Amino acid sequence: MGHFLSVYFFSIMSSLRIRNVGATVKDTDMLGKPDPIAVFKVSGQTQATAEQKNTTNPRWAEEFVFSIANPSVERLEITVQDKDLFSKEVIGTGSIALRDLQFGESRKSIPLTSKKGPAGSIDMTLIAEGTGWGGAAGHASYGPPVARPAHAASSFSDRDALSHSFGTYRQSYEAIVAFFEREDRLLSEEKLQFEEWKLAEQQLINQQSAELMRKQQEVRQYEADLLQFQRAIEASEQEIQEHMQLFEQQKADFAAQRARDLQHAELQQRALEDQQRHIAEQAQALDERRAAQKEVMLRQQREQAEVQREAQQLAQQQLQQQQQQSMLQQQQQQMFAQNFGNR
């Protein structure tokens, strides 16, 4: 019975404290940096840190206490998650065997891995309390009592043996009472922390609910705006289609008008060419008439010059005839005078 109480006493007296937790994680959030939390699980107990906003190097000034049944077979499992509004995405996981811990305080850095490979690391201060841990202070005697030699057993009287057993059990009982008192204080502190965490979580839930309602209202407003925008787009598309039809009609009218204009311009060009050819013919005929008139004028001028020359010759001949007639008259007068004088 004493051996069973000793084993029970040593097994329930073990605990593990975690404090000064920090991590370096990879950025897996597509819309910014992650909002990491760390989840610790050991001996069927699970505790989580508060959320750190928008960081890849979170630090938690929190302390977590776990009761450990058997440190030699337990493992501390750690999961770092990215806490979103509606889900929690695992950034990385890691673990450490409690048998590797020494009694007392130690600083550990544990690598984190994910399906994609290394995901960073998490470091923390681990405080191993009670028995069952590695190190001098943590070793306990779990085996059966060592058999004493006969001469040693005979040196104790039954009263001394009973007094020794009673003292041992009394010390065990006092240690158990102290342990439970300490555990009760820790439980009260944990309960208070849980109530504070619960209140903070409720406030966070209320904030997230308000944020969710606001986002839902924004989504509804966005959907209404989107519907109105779609209707405006449909109206714009219909208007564009009408404008396109009008443009095609105007394009066809313009093409027909252009064809008519080209035909009219071609006709005008032909008429202009005919007119220019007619004008050229008229000009040529005019030039020919002018040349003919000039030739006629030159012939007339030559004829007039010939007539003038003939007139001059005729005038000279008339003058000569007049001179000859005057001389003839003088001669007749002289002859008449002579004849009259002779009579």
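**Salt bridges in a helix and between strands**

Let's start with Glu266, which is partly exposed at 41% relative accessibility in this predicted model. Its salt-bridge partner is Arg270, and the closest N and O atoms of the pair are 2.8 Å apart. Arg270 is partly exposed too, with a relative accessible area of 46%. Why are Arg270 and Glu266 separated by about one helical turn? Because they are four residues apart in helix α3.

From here we can turn to a group of linked charges. Arg17, Arg19, Glu63 and Glu129 are joined into one network by salt bridges that share partners. We will come back to these residues shortly, once we have looked at another pair in the helix.

Helix α3 covers residues 158-342, and Lys215 and Glu211 both lie in it. These two residues form a salt bridge as well, with 3.5 Å between the closest N and O atoms. Their spacing along the chain is four residues, or about one turn of the helix. Are these side chains buried or exposed, or something in between? Lys215 counts as partly exposed at 33% relative accessibility, and Glu211 is partly exposed with a relative accessible area of 28%.

Now for the strands. How many salt bridges does a search of the whole structure find? The search finds 12, and one of them pairs Arg17 with Glu63, whose closest N and O atoms are 2.6 Å apart. This pair links distant parts of the chain: Arg17 sits in strand β1 (residues 15-25) and Glu63 in strand β4 (residues 59-67), 46 residues apart. Arg17 counts as buried because its relative accessible area of 12% falls under the 20% cut-off. Glu63, at 29% relative accessibility, counts as partly exposed.

Arg17 has plenty of buried company in its strand, since eight of the 11 residues of β1 are buried, leaving the strand mostly covered. What are the pairing partners of β1? With β4, β1 runs antiparallel, and seven bridges join the two strands. With strand β8 (residues 117-129), β1 pairs in the antiparallel sense over nine bridges.

Arg19 is a handy residue for seeing both pairings. In β4, the bridge partner of Arg19 is Glu63, while in β8 Arg19 stands opposite Thr125. To finish, look again at Glu63: this residue forms a salt bridge with Arg17, is the bridge partner of Arg19, and belongs to the network that also includes Glu129.

Notes:
Residues are numbered from 1 along each chain as its sequence is written. This is a predicted model: local features need pLDDT of at least 70, side-chain atom pairs count only at pLDDT 80 or more; totals for chains, interfaces and linings use all residues. Side-chain values use heavy atoms; hydrogens and water are left out. A salt bridge is a side-chain nitrogen of Lys or Arg within 4 Å of a carboxyl oxygen of Asp or Glu. Buried means under 20% relative accessible area, exposed over 50%, partly exposed in between (1.4 Å probe, protein chains only). Two strands pair if DSSP finds at least two bridges between them.
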